[in-house]
Amino acid sequence: MCIVIVRQGQDRFAFAVAAGLRDRGWPVLEIDPVTLADQSVSLSDNTFEVDGRKVSGLLFRAGTRGPFSQGFVLQDKSFVDAEVAAVWMAAMNLSTMTSLNRLDAEAWCLGNLWIIWRRFLLENGVPLAPMSYGTEPQSKAEQWLPYGALCTHVVPGERAGACLLAPLVGSPSPERSLFVCGSILRGGTTNVLIKVAELLCQRGINLAEGLVNRDGQLVAINLLPDVEDSEIDCVRSRVVAYYEANLSAG
Amino acid sequence: MKPICLLGNPEDKQLVYLAWLSGREGLAVVWLDEACLGSAWDLSFCDDPYRWTLKSATYEHVQTDIQGIFVRFDPHISASEVFEQSSPEELFVLSERRTGLQHWLSLVRQPVINRPWAGRENAAKPFQMQQLADAGMEVPRWVVTNESTRAQSFLSSCTNGAVVKSCSGLRPKVKMAGEWIIERLQSGSSPVILQEYVSGREVRVHVVGERSFPAEVNSRDVDYRFSEEPTGYALTSLPSQIGHACVRDAQRAGLTLAGFDFRVSNEDKWFCLEMNPVPSFLPYELATGLPIAKAVLRELGRG
């Protein structure tokens, strides 16, 4: 049995979690996402194996669309990326798998897009920062938050904005909230944000970052937050405890 | 009567057929050509509070003015003329615009066939097969692997042979497994699905709302989608429990329209292979007369 951590080389948080889990006696296999296609894997009967080792825990700290196919020729890469993504998405959703963030089919396929979480929170009655799409800006303070981005830009011209259905939002705050296992470890603790942390946790999202505007209203969610060096010890201990509790229970 | 919207590429045969049928049924259609968003027509919306406006030179519709939306996105669209073709911005524009439309379609309160988030597990066949089994469908035994020894062991256990399938939603040809796949895995490969082959006949069941429309597929090829010979389609019967299971699973996935592929064994056991969230129902309807499109229009009219 082992826990797989899919992480890029410079991800100090993932590295710290791996060390924390090893300290507690859990076997950990760290894999760079670009080499996922090179791993020997098998999946059947609710069991996922990598290099012959049964995987019970997963920390996937990478984009879900790749690249995963470093060792393959150019013309095969997009196909291999899709194939590898399909296997790891299925593995993440096994009932026997403990994953810090469990991405369902929609979340996995759309990647780290904030629209999923904005709709999810609105459906659950959470008031969010006002946002308009494809409209002309109503004030000079508005900025453009592209669907595929997590930071704002200057509002595009009128025709380009209409083509892009450009999402416009008020000025964001430089401070971002950090949600870990249903709690807020960074940023404001309004009732709305507390509710957001709980709802994300209920949907299987135990590590996320919230972009808020200058009024403290939530704009968007990022599932691959940078954990600052000063926070790593605190977040790591929560995450290690999460794996221990769930793996022991399983 | 309020119109319905058809969103996608106006040259898509299924959209053209629905537009033609809508005309026969006296239903007005608003065409939303994805490539012309921002030039021929405009959309603007808010998600909180919910409101939207569709505008062109000839119409203006708000969120209460339409009955429903049928969407069929084209994977090979071009950027609008506002941006130069093949410019570095093109991919970004296509991706942003498609995502914006997906967000809108997720929010629209009228019937949408289908919501963009629905049935996404089709992009991961092992995940989908697990869900189909959980829904009570019989799924042929399978394994996902890129290990030749594991593959060899599985193939040895399949008395009727096995097929090789892709794991993702991409559509390479399904082939009978043989020594070739072992050699391919030995030389290094991404994982494949090996699935026990079921001798018998092939049936496609389209689900629209609570109705199911079965059609038998007659082809000598393992994968009729790629057959060089003409594929035949014929009316067939459907056990009620299978029909109910298909409807339940489509509803679970959030799909109003879905296509289930079955192999029916010589002992009349129904094995579900997969569920398609964007099925092309046209060849089945045109060959058999099954009123699938009419059922789609009826569902759109519920808004």
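Tutor: Let's call a residue buried if 20 or more other C-beta atoms lie within 10 Å of its own, exposed if 12 or fewer, and partly exposed in between, with C-beta atoms placed from the backbone. This is a predicted model, where local features need pLDDT of at least 70, side-chain atom pairs count only at pLDDT 80 or more, and totals for chains, interfaces and linings use all residues. Residues are numbered from 1 along each chain as its sequence is written, and chains are lettered from A and ligands numbered from 1 in the order in which they are written.

Student: Which residues of helix 1 of chain A are buried?

Tutor: Helices (H or I, at least four residues) and strands (E, at least two) are DSSP runs, numbered from the N terminus. Helix 1 of chain A covers residues 12-23. Its buried residues are F13(A), A14(A), V17(A), A18(A), G20(A) and L21(A).

Student: Why do they sit on the same side of helix 1 of chain A?

Tutor: An α-helix has 3.6 residues a turn, so residues three or four places apart point the same way. Take the directions from the helix axis to the C-beta atoms. The buried residues share a side because their arc around the axis is only 165°.

Student: And R184(B), in helix 5 of chain B: how many other C-beta atoms lie within 10 Å?

Tutor: R184(B) belongs to the helix formed by residues 179-186 of chain B. It's partly exposed, because the number of other C-beta atoms within 10 Å is 15.

Student: What separates the C-alpha atoms of R184(B) and N146(B)?

Tutor: Along the chain, these two are 38 residues apart. Between their C-alpha atoms, the separation is 9.1 Å.

Conventions
Expected span 1.5 Å × (residues − 1).
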